[in-house]
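User: Could you take a close look at one part of this model and walk me through how its pieces fit together? Please pick one strand, and then follow the contacts and charges outward from there.

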Amino acid sequence: MHNLWNFLNRFSHWLLFAMLFGGSLFLLYRFNVYHKSVIFTAVSSVSGKVLEGVSYVRSYLALEEKNRELARYNIVLQQRIEQLRSKLRADVSDSLFKERYVDFNIIPARIVNATVGARNNYLTINKGYADGIKPEMGVVCGTGIVGVVYQTSANYAIVMSLLNRKTAVSCRLRDTDYFGYLHWSGEHPLYARLEDIPRHAKLRVGMPVETSGFSAVFPPGIFVGRVSRINNSEDGLSYTLEVNLSTDFAKLDDVYVIDCPARMEIDSLEKAIVGE
C-alpha cells in the first residue's frame, strides 16, 4: 500500500494530465459533430488497416490447406480428363473398327492363355464353334493382326499366332502395289520379315505395312507394322524387309475373330481349280 501511494504521489501530475486530456477529448467528441466525424474516420481507418493485416495473416497461414485442396481438385480433374479421353479414343476406335470391317462378321473374344517366347506360339480364346468360330478365320486386335484360328472346340479355339513360323500373311507396302508374305523368324517377338519384294521397288525405312486383302482371311488395309530394315534376299533377286510389328503380343487381352461371308465361296472356287 505504501508503494502504491508513493507511485501515485510521484506520477500524480501525469495522471491528472491524462484524466484531463481524456475528458477533453470525450467532450470534444461528444459535442462537436466535425471532430466526432474526424475521430471516427481516423479510428475506422486504423481499425480497417488492422483487420486487413489480420486477414492477410490468416490467409497466409491457410495457404497450406488451400494448396492441399487445389492438389486434390487437380487430381480429380486429371482423372476425369483421362476418363473422357479414354472414352473418346474408344468411341473413335470402335467407329473406325466397325467401318473397316463393315463387310465382315466380327466376333469378340478374350485370350485365356498365350505363349510368346516359344518357337511356334499359340493363343487360346474363350469362343468356339458354338459361337461361330471356325478354322482359318483371321484374328485381329486394336493394333493389328494377331493370327489365324487353328482348331476349335465348343467353347474355345486355338489361334496360330503371327509369332509362329508356320504362319504366312499376305501383306503389302501401303500406297504401293508391292506385296509379299510376312513370316516370323522365331527370334524377336516384335519383328517379322516381309519377303519377295521386287528389286525395282522404291523402299525406305518407316514405310507402313498392311494386309493386302489377297485372301478371305484378312480384309485389306489392316496395319501390321513399319519397315525397320531393308535387306537383300538370300538369292539376291528380291528384298527381304524387317518389319517392326504394331502388336505387342505380351500385352494382348481382347481380340476379334473375323468371319468373311464370302470365304466359303472363294474356297470352293479355288479348290475346284486345284481339282482340275
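Analyst: Let's start with a term: two strands count as paired if DSSP finds at least two bridges between them. Keep in mind that this is a predicted model. The part I'd zoom in on is strand β6, which covers residues 169–173.

On one side, β6 pairs with β7 (residues 179–183) in the antiparallel sense, over 4 bridges. Within that pairing, Arg 172 has Phe 179 of β7 as its bridge partner. The hairpin made by β6 and β7 has 5 residues between the strands, and Asp 175 takes a positive phi near 65° there.

On the other side sits β9 (residues 208–211), joined to β6 by 3 bridges and again running antiparallel. Here Cys 171 stands opposite Thr 211 of β9. As background, strands of a sheet pair through backbone hydrogen bonds, either parallel or antiparallel.

Zoom out and β6 turns out to belong to a closed barrel of 6 strands, in the order β6-β7-β8-β11-β10-β9, with antiparallel pairing. Ignoring direction, neighbouring strands of this sheet are turned by 40° against each other on average.

How enclosed is β6 itself? Residues count as buried under 20% relative accessible area; 4 of the 5 residues of β6 are buried, so the strand is largely enclosed by the rest of the structure.

Next door in β7, Leu 182 is a good residue to follow inward. The largest nonpolar core has 46 residues, and Leu 182, Leu 194, Phe 218 and Leu 245 are the ones that touch the most other members. Setting aside neighbours within four places in sequence, Leu 182 is in contact with Val 169 and Cys 171, among others. Its contacts also include Leu 162, Thr 167, Ala 168 and Ala 192, as well as Val 224 and Val 243. Leu 194 and Leu 245 are on that contact list too, and so is Arg 193.

Arg 193 takes us from the core to the charges. Its side chain meets that of Glu 195 in a salt bridge, at 4.0 Å from N to O. That value sits right at the cut-off, since the nitrogen has to be within 4 Å of the carboxyl oxygen. Both ends are partly exposed: Arg 193 has 37% relative accessibility, and Glu 195 has a relative accessible area of 23%. Elsewhere, salt bridges that share partners join Arg 110, Asp 253 and Asp 254 into one network.

The search of the whole structure finds 5 salt bridges. One of them links Asp 253 to Arg 110, with the closest N and O atoms 3.0 Å apart. Asp 253 lies in the loop between β11 (238–245) and β12, while Arg 110 lies in strand β1 (residues 105–114), so this pair ties together parts that are 143 residues apart in sequence. Arg 110 also forms a salt bridge with Asp 254, at 2.8 Å from N to O. Since Asp 254 lies in strand β12 and Arg 110 in β1, that pair ties together parts that are 144 residues apart in sequence. Accessibility across this trio comes out at 40% for Arg 110, 32% for Asp 253 and 39% for Asp 254, and each of those counts as partly exposed.

Two more residues fill in the surroundings. Asp 259 is found in strand β12 (residues 254–259) and is buried, with a relative accessible area of 19%. Leaving out residues up to four places away in sequence, Asp 259 touches Phe 104, Asn 105 and Met 137. Asn 126, in the loop between β2 (120–125) and β3 (138–141), is partly exposed at 28%. With the same kind of neighbours set aside, Asn 126 is in contact with Arg 110, along with Ala 109, Val 112, Asn 155 and Tyr 156. Asn 126 and Ala 109 are 17 residues apart in sequence and 6.0 Å apart in space, C-alpha to C-alpha.

And how far can you trust the coordinates? The protein averages a pLDDT of 77, with 59% of the residues scoring at least 70. Confidence is highest in strand β5 (residues 157–164), at 95, and lowest in helix α5 (residues 263–275), at a mean of 52. Where pLDDT is low, the predicted coordinates should not be read in detail.

Key: Residues are numbered from 1 along each chain as its sequence is written. This is a predicted model: local features need pLDDT of at least 70, side-chain atom pairs count only at pLDDT 80 or more; totals for chains, interfaces and linings use all residues. Side-chain values use heavy atoms; hydrogens and water are left out. A nonpolar core is a set of buried Ala, Val, Leu, Ile, Met, Phe, Trp, Tyr and Cys residues joined through side-chain atoms within 4.5 Å. Buried means under 20% relative accessible area, exposed over 50%, partly exposed in between (1.4 Å probe, protein chains only). Contact means heavy atoms within 4.5 Å. Helices (H or I, at least four residues) and strands (E, at least two) are DSSP runs, numbered from the N terminus. Axes are lines fitted to C-alpha atoms, for helices over the stretch in contact, and angles run from 0 to 180 degrees between N-to-C directions. pLDDT is the predictor's confidence in each residue, from 0 to 100.
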